[in-house]
Amino acid sequence: MSTVAAPPDASILSGRATRERRAFRRPPGETVFGILLAIGLAAVGLRAGGGLLLTPTAKVEIWLDVVGGLCAAIAVLAVRDQRWWGGVTIAWFAALALLTALSITWSIVPSDSWLEANRTIAYLMIFAAAVVGARAVGAWWSAVLGAVCAASTAICAYAILTKVFPGALAAADPYARLREPYQYWNAVGLTAAIGVPPTLWLGARRSGHAALNALAYPIMGLLLLTVLLAYSRGSLLAMAVGLGFWFLVVPLRLRGVAVLACGAVGAVLVALWVFSQDTLTKDQVSVAQRATSGHELGIAVVAMLLVLLAVGLLIGFSAAQRSASEGTRRYAGAAILVCVGLVPMALVIALAMSSKGLGGSISSGWKSLTDPNDKTTVLNDPSRLTSVGSVRARYWDESIRVFRSHPMKGVGAGGYRTARLRLRTDNLDVRHSHGYAVQTAADLGLLGLLVSALLTLSWMVATGRTLGWRIPLPRALALAPKRPPPTPDAAARAAGFGPERVAMATMATVVIVFAVHSFIDWTWFVPGCAVLALVPAGWVAGRGPLGERASDGPMLAASLRRGLRSPVRVGIAALALALGLLTAWTAWLPLGSLHAQNRALTLAATNYKQAIAEVDKAQSRDPLSTDPLLMRALVETTAHHRDAAQRALTDAVRLQPNNPGTWEYLSDFALEQQNDPQLALRLLGPALYLDPQSPTGKAQYLKAFQLLEIQTAAKEKRKAEAKAKREARHRAR
């Protein structure tokens, strides 16, 4: 007997079709946003380097300006009736950028001030873009924290890979300390320290899948290992301050301690092994030796990551099955406090048992930190982590002396590098004074300090408002209208310390870590570090009270559609986008000038007319720089046009008379091309006044003096010979 199969249930078919659609559906907008943001942040760090080279820095600034202009256009189109929190902070940031640009008019090196203005404007753009993001898609806060965590992890992973595969990634790097991709070890350490708070949030949060949260354990180990291998004491200090703030305000302490402690154990074990390897801790080691030990380091790092991942999964799934009792939490908290308290006690005991004693150790350490004439030497090896000495006191002293000579407006943005030359007692080429406050005092004077202080205060007020903290400020200083009392629903959403408030506190922690480090170092000028902090800084300032409902992707799309129907908003948005393109163009001009100079150098020996045309392009694109004038002098000298070359060098001196380099170029021309040591010595007078320690100036002075003696002796000899001939002719008569 045959049987007829029953038709499938329609509900089963419907469910199967639904599952198939879900399997092939596009990722949510928040995920795409987080991935793109992580790629962008990592690209800035990997491409911009340390912010010292014009080409990579300018290219990154151009993209930041374009992104900022695009976000400004979106803000204009999507603006709604609600208040745009963070606007006052943007205004003070714009005031800082404007002051930096205006300093070109009184700067001793206007070309450097232009570069710093481009940098500050790019930072303003990315900060404003983060504020716009918070107002437009504020519900995507987890994507922002995930992006910061992922970007810092990627950069730190690359830094460690340069030690694992030195031949492929860092063959020319002679140093043992991690310093790629910034060419500066403290910036690498700061990047790792910035990633620690988001990693704590990832591992301690109560939301999210346990397997994803378990990634926080190996990430924490990688970040802490990066700080240790960079020998960055400033990063350890900034991270300690940030951790103190996070554990103070976020009620996820036991979860956070588990992530931090496990990661620290893994990082310390690998670091202790590294510190015992001379091939990984000493400078000037051959690539072959570094590669052998680097491969072993790679195996150790992979093992650490796997073990920490297993520990994270075990802790995560155990906590999901059964949470700790109140008594267990209380005892664990007490044990943690005891362990934290033992740290300073152990430090005091160690200092007391040292050869100098407790008082002598403290006095010696304070002298090493604050005395600009202290000769304490700090080595570039693991012992640096426990050393106290630093050369920052010397740079800070020079900055204060520059500030005292120009107290109101400073010497112009970026002018510290040139102004310090008259005060220095070494031959180091120092571009920054290793501290935002002292650098701003020297560059922008009291005006810069005031605007920076108001910017900081404005951000603190905005962040306090987001976190629900009321900061008692006079109404005129707060610059914000009185808010109406929250509705019962809004008050209920803002009450407690929910997931979003934890995220906002974590973003504030990232900013604190960056601020502390920037106070004692020049990492404000490193785009990779600054952008990692500016994005969460703008987001937490622009979010506004958590009682307000956060916008998401669909709300943004609807607002944009309404905005596009308004011709006025479309016009204003076009102007905002044009402003972003204009700032990108100003950032490109110095780069375009450099490209023209390079072409002129290539053509100098073969095609004089084209070389001069390229020099004209370079000078028109960057009229504030002396580099096009120096290139013109080179081209004219190559063509044997000495008068034109001398005029170009004279114009360079007139453009930057406080720059000793321009005087040295002109004196060298007088010495080498005109064979006039007397003129060279006269020109070296201002050069050596502006930079008494200049090796170039000293060498030129010695060479000119020797040539003058030779010429004087030759002249006396010719006089004597002429006199002898006259006497001989007289006797012959």
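**Figure 1. A nonpolar surface patch formed by V32, I35, L36 and I39.** In this predicted model, these four side chains make a patch of about 370 Å² on the surface. One of the contributing residues, I35, is located in helix α2, which spans residues 29-48. I35 is classed as partly exposed because its relative accessibility is 47%, a value between the limits of 20% and 50% that bound this class.

**Figure 2. The largest pocket of the predicted model and the residues closest to its centre.** The volume of this pocket is about 1600 Å³. Its lining comprises 48 residues, of which N186, R233, R384, S390 and R392 are the closest to the centre. As general background, empty space is revealed by rolling a probe the size of a water molecule over the atoms.

**Figure 3. Helices and residue classes in the lining of the largest pocket.** At least two lining residues are supplied by each of the helices α8 (185-204), α11 (233-249), α16 (357-370) and α17 (392-405). Helix α17 provides the largest share, with six residues. Sorted by class, the lining contains 22 nonpolar, 14 polar and 12 charged residues.

**Figure 4. Backbone geometry in the loop between α7 and α8.** The peptide bond that joins E180 and P181 is cis, with omega at about 10 degrees. P181 is placed in the loop that connects α7 (166-169) with α8. Q183 also belongs to the loop between α7 and α8. The phi angle of Q183 is positive, at about 60 degrees, although this residue is not a glycine. For context, most peptide bonds are trans, and most residues other than glycine have a negative phi. With a relative accessibility of 41%, Q183 is therefore counted as partly exposed.

**Figure 5. A positive phi angle at N675 in the loop between α29 and α30.** N675 is situated in the loop between α29 (660-672) and α30 (677-690). Its phi is near 55 degrees, which is a positive value in a residue other than glycine. The relative accessible area of N675 is 45%, so this residue is classed as partly exposed. A residue would be called buried under 20% and exposed over 50%.

Methods
Residues are numbered from 1 along each chain as its sequence is written. This is a predicted model: local features need pLDDT of at least 70, side-chain atom pairs count only at pLDDT 80 or more; totals for chains, interfaces and linings use all residues. Side-chain values use heavy atoms; hydrogens and water are left out. On a 1 Å grid over the protein atoms alone, a cavity is a set of points where a 1.4 Å probe fits but cannot get out, and a pocket is an open set with protein on both sides within 12 Å along at least five of seven lines; lining residues have an atom within 4 Å of a point. Grid points are joined across faces, edges and corners, and a volume is the space filled by probe spheres set on the points. Helices (H or I, at least four residues) and strands (E, at least two) are DSSP runs, numbered from the N terminus. Ala, Val, Leu, Ile, Met, Phe, Trp, Tyr, Cys and Pro count as nonpolar, Asp, Glu, Lys and Arg as charged, and the others, Gly among them, as polar. Patches are made of residues with over 30% relative accessible area and no salt bridge: like charges are joined within 9 Å, nonpolar side chains (Val, Leu, Ile, Met, Phe, Trp, Tyr) within 5 Å. Accessible areas come from the Shrake-Rupley method with a 1.4 Å probe; for residues, only the protein chains shown count as cover. Buried means under 20% relative accessible area, exposed over 50%, partly exposed in between (1.4 Å probe, protein chains only).
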